[in-house]
Amino acid sequence: MDFRFTEDQVLLRRSVREFAETEIRPHVREWDETQHFPTELLPKLAALGLLGIQFPEEYGGAALSGIDYCICIEELARVDPAVALSVAAHNGLCSSHIAMFGTEAQKRKYLVPLARGEKIGAWGLTESTSGSDAAGMRTTAARAGACWVLNGSKTFTTHGRVGDTFVVMAVTDRSAGRKGISAFIVEKGTAGMTAGKKEDKLGMRASDTSEVLFENCRIPADQLLGPEGEGFVHTMQVLDAGRIGIAALAVGLAQGAYEAALAYARERKAFGRTISQFQAIQWKLADNATRIEAARLMTYRAAYLKDRGQRTTLESAMAKLYASEIAVRAADDCVQIHGGYGFVKDYPAEKFFRDVKLTTIGEGTSEIQRLVIARQLLSR
Ligand SMILES: Cc1cc2nc3c(=O)[nH]c(=O)nc-3n(C[C@H](O)[C@H](O)[C@H](O)COP(=O)(O)OP(=O)(O)OC[C@H]3O[C@@H](n4cnc5c(N)ncnc54)[C@H](O)[C@@H]3O)c2cc1C
């Protein structure tokens, strides 16, 4: 085992951190308050390779490893979890699904512009009546000659309004259950696909989230992604990898909250001394720093195994579960250490507190992670 970062990884962390500090931090509050999706940031993210982090250079990507990916997501989330969520959804869901299961022609046509950051990706699995129970989806795709015709709607789609390339799961054979679900690539502007309601969210407000509606949306047959009936199985594999990204996001968010709390504790005075001198505050800081380090190691281990081509269903779910739950505690303690100032928008604490809740919900709730972990343990 070698726990050291390579020189390249140290440099990568430094450059993403500097980027986040200069290009993102000054706008965090405004983007959050106005629910502004920062399209102006996209060319800068693309220039750093952050919109195609793990994809091979031949498909327009930066060809970085899974651990490098975690470093990038962490550093973005440390400053603005909403930007990190958008980057993670673009890379880890839509683009990844095409990279993992697309044909050569689909990768050339769709993955290259996604990885270069010329197009933004969205991934539609969840529906209003099926989130955790994703296989209970109602959206259908019916074959009609040389086309597929999609009908239904998706809920909570990250980039539902701003996305260019959508990967959408739909039922192609109701009688086949999970084996009757297929994945499709749909391009923005296709007749019959429209963006629905934009969600007014508790947190992650700069990340665009909306409904996507399909009404007799006709797409060419070659936009079926992967074999017919394999969409659900592929989705689970996409989520195994995607959850490592959400774990990294939670680690970065927790790190940001911890650092904000530490800085405040060093400055704020009560009873004639800084509050950092009270043991009650020190223990909060110590516990959070310890939990963050543990979550980071679990996340990197899952990424390491994925880089070696191993199945990581168990490790990804454990990392996502643990990292998201310790991040909730870090954000809570951050508010508590700030006292009344943790409750107002002049300090970053309240935004971390709002943003963090997504990490225990998105890409599978904590309850679903426990279910996945238990199934893995019981099947061995
Ligand atoms: C900001 C944001 C961005 C998102 N982005 C995307 C996206 O890009 N693409 C996409 O497809 N989806 C996206 N989602 C959807 C997200 O993945 C779902 O919200 C999540 O999977 C939970 O589904 P649900 O909301 O329907 O909750 P439900 O499934 O209705 O769950 C409600 C509660 O019941 C619990 N529960 C459900 N089943 C069980 C069980 N078997 N055992 C124990 N407890 C259970 C859950 O854990 C939860 O506590 C996003 C959501 C948000 C909030």
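Select Thr140 and Asn151: in this predicted model, Asn151 of strand E3 is the bridge partner of Thr140. Now widen the selection to the two strands. E2 covers residues 140-144 and pairs with E3 in the antiparallel sense. Five bridges link E2 and E3.

Next, pick the turn. Two residues lie between the strands of the E2 and E3 hairpin. Click Gly145 there and check its backbone: Gly145 has a positive phi near 65°.

**The ligand**

Keep E3 (147-158) on screen, as E3 gives at least two residues to the shell around the ligand. Add strand E1 (121-124) and helix H11 (366-378), each of which also supplies at least two. Now show the whole shell, 18 residues around the ligand. Which of them come nearest? Label Thr126, Ser132, Phe156, Thr365 and Glu367.

Colour the shell by class. Eight residues are polar, seven are nonpolar and three are charged.

Then draw three distances:

- Thr126: an N or O atom of the side chain is 2.7 Å from a nitrogen atom of the ligand.
- Glu367: a polar side-chain atom sits 2.7 Å from an oxygen atom of the ligand.
- Gly131: here use the backbone, where an N or O atom lies 3.4 Å from a ligand oxygen atom.

Switch to a surface view. How much of the ligand's accessible area does the protein cover? On its own the ligand has 990 Å² of accessible area, and the protein covers 65% of that.

**The cavity**

Hide the ligand and select Phe37, Leu42, Leu45, Val83 and Ser86. These residues lie nearest the centre of the largest cavity. The cavity holds about 90 Å³ of space. A search of the whole structure finds one cavity of 30 Å³ or more.

Extend the selection to the full lining, which has 13 residues. Helix H3 (42-47) and helix H5 (81-101) each provide at least two of them. H5 gives the most, with four residues. Is the lining charged or nonpolar? Colour it and see: eleven residues are nonpolar, two are polar and none is charged.

**The second largest pocket**

For the last stop, select Asp2, Phe3, Ile67, Tyr300 and Tyr304. They are the lining residues nearest the centre of the second largest pocket. Its volume is about 700 Å³. Three helices each give two or more residues to the lining of this pocket: H1 (7-24), H4 (66-79) and H8 (279-307). Which element gives the largest share? Highlight H8, the source of seven lining residues.

Finish by showing the whole lining of the second largest pocket, 22 residues. Colour by class once more. Ten residues are nonpolar, nine are charged and three are polar. Flip back to the largest cavity to set the two linings side by side: the cavity lining has no charged residues, whereas the lining of the second largest pocket has nine.

Note on methods:
Residues numbered from 1 in each chain as written. Predicted model: local features only at pLDDT ≥ 70, side-chain atom pairs only at ≥ 80, totals over all residues. Heavy atoms only, no water. 1 Å grid on protein atoms, 1.4 Å probe; cavity = no way out; pocket = protein on both sides within 12 Å on 5 of 7 lines; lining within 4 Å. Points joined across faces, edges and corners; volume = space filled by probe spheres on them. Nonpolar A, V, L, I, M, F, W, Y, C, P; charged D, E, K, R; others polar. Near = heavy atom within 4 Å. Polar contact = N/O pair within 3.5 Å; in protein donor to acceptor, adjacent residues only side chain to side chain. Areas by Shrake-Rupley, 256 points an atom, 1.4 Å probe, with all protein chains shown as cover. Pairing = 2+ DSSP bridges.
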